[in-house]
Structures are given as structure tokens and as C-alpha cells.
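Welcome, and please open the model in your viewer. We will go from one selection to the next and see what is there.

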Amino acid sequence: MCSPDLEAGHLAEASGVAIDVRASSFVVPEPLHAVGAALGADPMQFILAGGDDHALLATFPPDVAVPDGWQVIGEVLEGSGVTVDGATYDGATGWTHF
């Protein structure tokens, strides 16, 4: 999974829009729950702020069916920046190599 906050931020900025990511769109696998418990961390943070997993993030117009194999994780809105469940996300924002 790409980091929605970091990657969506790039997409939103380049497109001049806002993106709201819905945390409920993601299934948190049991191994992430176990790692989160061991580290005292919210496993959703691994999904929202992880990175380097080489997934793709794209937007589709509302009148176009989402292609098979793609999962809707949020929506594009007027404005700027990225929110998670309508609120500012204050966690880590992904991995940057450079």
C-alpha cells in the first residue's frame, strides 16, 4: 500500500484539489495488529504512513466505474491538502527516499 497521506498529498497538490481518505476503507491484517500491540502503536498508522509497497493511487471521475481490482479509499474534494475521515491527519506522512 502506498502511503495515502504522502502520495495523496502529491496527487492533490499537483491537481489543485483536496483528498479525503476514509480509514474504514482499509482492512488491517492481523499481523499489523500484532506488531502494533508489540510496539504500542496504532496499526492504522502503518497503513496511512507506511510506504515503499509500490501500490498505485489514482482518481476516477464520478461517472466512470472503478476498474476491477481497484479499491475506493476516499474522495476528491474542492480545496487543498489531505484529510483522513474529514480531519487533519497529524501522524507520519510516509517514507521519502531523498
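The structure holds one aromatic pair, where rings of Phe, Tyr and Trp (its six-membered ring) pair if their centres lie within 6.5 Å, with planes under 30 degrees apart counted as stacked, over 60 as edge-to-face and the rest as tilted. Select phenylalanine 60 and tryptophan 70: they form this pair edge-to-face, at 5.5 Å centre to centre and 80° between the planes. The pair links distant parts of the chain, with both residues in the loop between helix H3 (43-49) and strand E2 (74-77), ten residues apart. Helices (H or I, at least four residues) and strands (E, at least two) are DSSP runs, numbered from the N terminus.

A note on what you see: this is a predicted model, in which local features need pLDDT of at least 70 and side-chain atom pairs count only at pLDDT 80 or more, while totals for chains, interfaces and linings use all residues. Residues are numbered from 1 along each chain as its sequence is written, and side-chain values use heavy atoms, with hydrogens and water left out.

Are the two rings buried or exposed? Phenylalanine 60 is partly exposed at 33% relative accessible area, and tryptophan 70 is partly exposed at 34%. Here buried means under 20% relative accessible area, exposed over 50%, and partly exposed in between (1.4 Å probe, protein chains only).

Now add Leu56, Val64, Val66 and Val72 to Phe60 and Trp70, and you have a nonpolar surface patch with about 520 Å² of accessible area together. Patches are made of residues with over 30% relative accessible area and no salt bridge, with like charges joined within 9 Å and nonpolar side chains (Val, Leu, Ile, Met, Phe, Trp, Tyr) within 5 Å; a salt bridge is a side-chain nitrogen of Lys or Arg within 4 Å of a carboxyl oxygen of Asp or Glu. Areas come from the Shrake-Rupley method with a 1.4 Å probe, and for residues only the protein chains shown count as cover. Valine 64 sits in the loop between H3 and E2 and is partly exposed at 40%.

Next, colour the strands. Four of them form an open, mixed sheet in the order E2-E1-E3-E4, and two strands pair if DSSP finds at least two bridges between them. The edge strands are E2 and E4 (87-88), each pairing on one side only.

Select E1 (residues 18-21). E1 pairs with E2 in the antiparallel sense over four bridges and with E3 in the parallel sense, also over four bridges. Which residues stand opposite isoleucine 19? Look for valine 76 in E2 and valine 82 in E3. Ala18 and Asp20 point one way from E1, Ile19 and Val21 the other way, and all are buried.

Move on to E3 (residues 81-84), where Val82 and Val84 make up the covered face and Gly81 and Thr83 the uncovered one. E3 and E4 form a hairpin with two residues between them, and aspartate 85 in the turn has a positive phi of about 55°. Across this hairpin, valine 84 stands opposite alanine 87.

Now for the interior: the largest nonpolar core has 16 residues, of which Ile19, Val21, Phe26, Met44, Leu48 and Val84 touch the most other members. Such a core is a set of buried Ala, Val, Leu, Ile, Met, Phe, Trp, Tyr and Cys residues joined through side-chain atoms within 4.5 Å. H3 gives the largest share, four residues.

Last stop: helix H2 (residues 30-39) has one buried residue of ten, so H2 lies largely in the open. Just after H2, glycine 40 takes a positive phi of about 70°.
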